[in-house]
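Please open the structure in your viewer and keep the selection tool at hand. The stops below each begin with something to select, followed by what is there.

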Amino acid sequence: MSKLNIYHRRDGRWEGRISRGKKENGKRKYQYVIARTRDAVAEKMEDIRRSEQPKGRCSKTVSVLFSEWYRSIQHRVKESTAANYTMKAQKHILPNFGDKLVDSIVQNDIYSFIEAKQKEGLSNRYVLDIIILMKTIYKYAVRTYHIFNPMDGVILPRNKTPEIDLLDETEQAKLQRYINNNQNHSTLGVALSMSTGIRIGELCALQWKDIDLEKRILTVRKTMQRIQYPTEISKTKLIITDPKSESSRRRIPIPDCMVGFLHKFKEESGNYVLTGSKKPIEPRTMQYRFASILKNVKLPSVHFHALRHIFASSCIKLGFDVKALSELLGHSSVEITLNRYVHSSFEQKKEYMKRIKLAF
């Protein structure tokens with residue numbers, strides 16, 4: 001219950017704090033609520049918050065509200081985004097809240113839902129995405145029906161960045177030797193990702209018209225993904241669409257080491273790079289092929305996305321400016337590059353620590 005800013009006092013009672021802005025000196029102001037039990041404090045805090053919220057009513061169920069909200073946004077979001085909203089709602093939100101009235105939901109319901117999803121084994125990142133979707137739906141309800149917003153003030157689960165399994169330098173060199181001795185469309189894809197940091201969806205959507213070998217520029221214009229439409233029978237659809245964000249549209253200089261490799265497989269402008277034909281392969285197929293390559297080379301199993309991390313870390317080691325690297329990767333901010341994609345090896349850390357000179 002600490003998420004609700006409730007604490008167990010030394011005298012045995014429970015105390016809740018409600019933020020009331022800041023004092024003139026910049027310190028936060030609080031309203032304190034005290035009761036004999038934690039649930040009683042939570043209930044009092046909920047009553048206070050409700051009394052301060054708009055007094056509108058909405059007799060619709062959450063399921064009806066979601067349908068109404070979805071109709072209002074589906075024309076202005078990407079197909080993949082719309083499908084993602086539908087899947088999360090039908091798989092997680094509506095089974096728990098669908099039959100409940102919109103204005104009957106309280107914060108304790110939300111926190112119980114978060115806890116249940118975490119116990120199911122969902123990652124904090126995934127639970128966070130679900131709650132953000134619920135917040136968006138309830139913002140629509142507040143604007144439309146002027147109701148109390150139970151999502152207001154909900155503290156979101158902290159997203160833990162997962163550890164990414166990478167290949168060390170010796171393993172990377174072994175993979176490069178295999179690629180040099182086995183040049184085909186699949187190894188071309190691996191080499192492109194290792195040398196440019198291109199995402200797997202962008203790689204699968206890449207056509208020869210996107211590669212200018214004379215100017216040595218690779219242009220990312222599209223991405224490929226398989227989206228899910230939750231129905232009684234699971235249904236998916238492969239789509240080629242605009243990149244995930246405006247910063248993902250980018251031009252990447254092609255390194256010298258890739259020019260000869262690309263020349264060997266150059267095809268008509270409309271053909272896909274990974275197949276040499278008008279028909280593309282999808283990301284999961286490329287992932288399977290990469291797994292097969294790793295197995296043939298007797299290397300540890302890592303996800304295809306690890307190649308993007310390897311590229312980023314290698315660039316930092318080579319002295320790349322972080323801002324330039326962030327743009328090459330198609331990130332919206334330098335922080336994403338540093339926090340998610342830059343990895344230093346333990347050997348590198350040891351070398352750094354040798355620079356510390358103290359007079360002990």
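Select Lys244 and show what surrounds it: once its neighbours within four places in sequence are left aside, Lys244 is in contact with Lys78 and Arg199. Bear in mind, as you look, that this is a predicted model. Lys244 belongs to the loop between strand S7 (235-241) and S8. Is Lys244 buried or exposed? Its relative accessibility is 61%, and because exposed means over 50%, Lys244 counts as exposed. Now add Glu202 to the selection and draw a distance between the two C-alpha atoms: Lys244 and Glu202 are 42 residues apart in sequence, and in space their C-alpha atoms are 9.7 Å apart.

From that loop, move on to the strands and select S4, S5 and S8, which make up an open sheet of 3 strands, in the order S4-S5-S8 and with antiparallel pairing. Strand S4 (211-212) and S8 stand at the edges with a single partner strand each, so one side of each has no neighbour in the sheet. In general, the strands of a sheet pair through backbone hydrogen bonds, and the pairing may be parallel or antiparallel. Strand S5 (residues 217-220) runs antiparallel to S8 and is joined to S8 by 4 bridges. To see one of these positions, select Thr219, whose bridge partner in S8 is Arg251.

Next, select helix H11, which covers residues 306-317. How far apart should the ends of its 12 residues be? At 1.5 Å a residue the expected span is 16 Å, and the end C-alpha atoms of H11 are indeed 16 Å apart, which agrees. Of the 12 residues of H11, 9 are buried, so this helix is largely enclosed by the rest of the structure. Among the buried residues you can pick out Leu307, Ile310, Phe311 and Cys315. To find what encloses them, display the elements against which the buried residues of H11 pack, including helix H6 (169-181), helix H10 (283-296) and strand S8 (250-253), the last of which you have already met at an edge of the sheet. Just after H11, select Gly319, which takes a positive phi of about 90 degrees.

For the last stop, select Leu358, which lies in the segment after helix H14 (346-353). With a relative accessible area of 58%, Leu358 is exposed. Add Met353 and Ile356 to the selection, and you have a nonpolar patch on the surface, in which these two and Leu358 together have about 330 Å² of accessible area.

Technical notes
Residues numbered from 1 in each chain as written. Predicted model: local features only at pLDDT ≥ 70, side-chain atom pairs only at ≥ 80, totals over all residues. Heavy atoms only, no water. Patch = residues over 30% accessible without salt bridge, like charges linked within 9 Å, V, L, I, M, F, W, Y side chains within 5 Å. Areas by Shrake-Rupley, 256 points an atom, 1.4 Å probe, with all protein chains shown as cover. Salt bridge = Lys/Arg side-chain N within 4 Å of Asp/Glu carboxyl O. Helix = DSSP H or I, 4+ residues; strand = E, 2+ residues; numbered from the N terminus. Buried < 20%, exposed > 50% of the residue type's maximum accessible area, 1.4 Å probe, protein only. Expected span 1.5 Å × (residues − 1). Contact = heavy atoms within 4.5 Å. Pairing = 2+ DSSP bridges.
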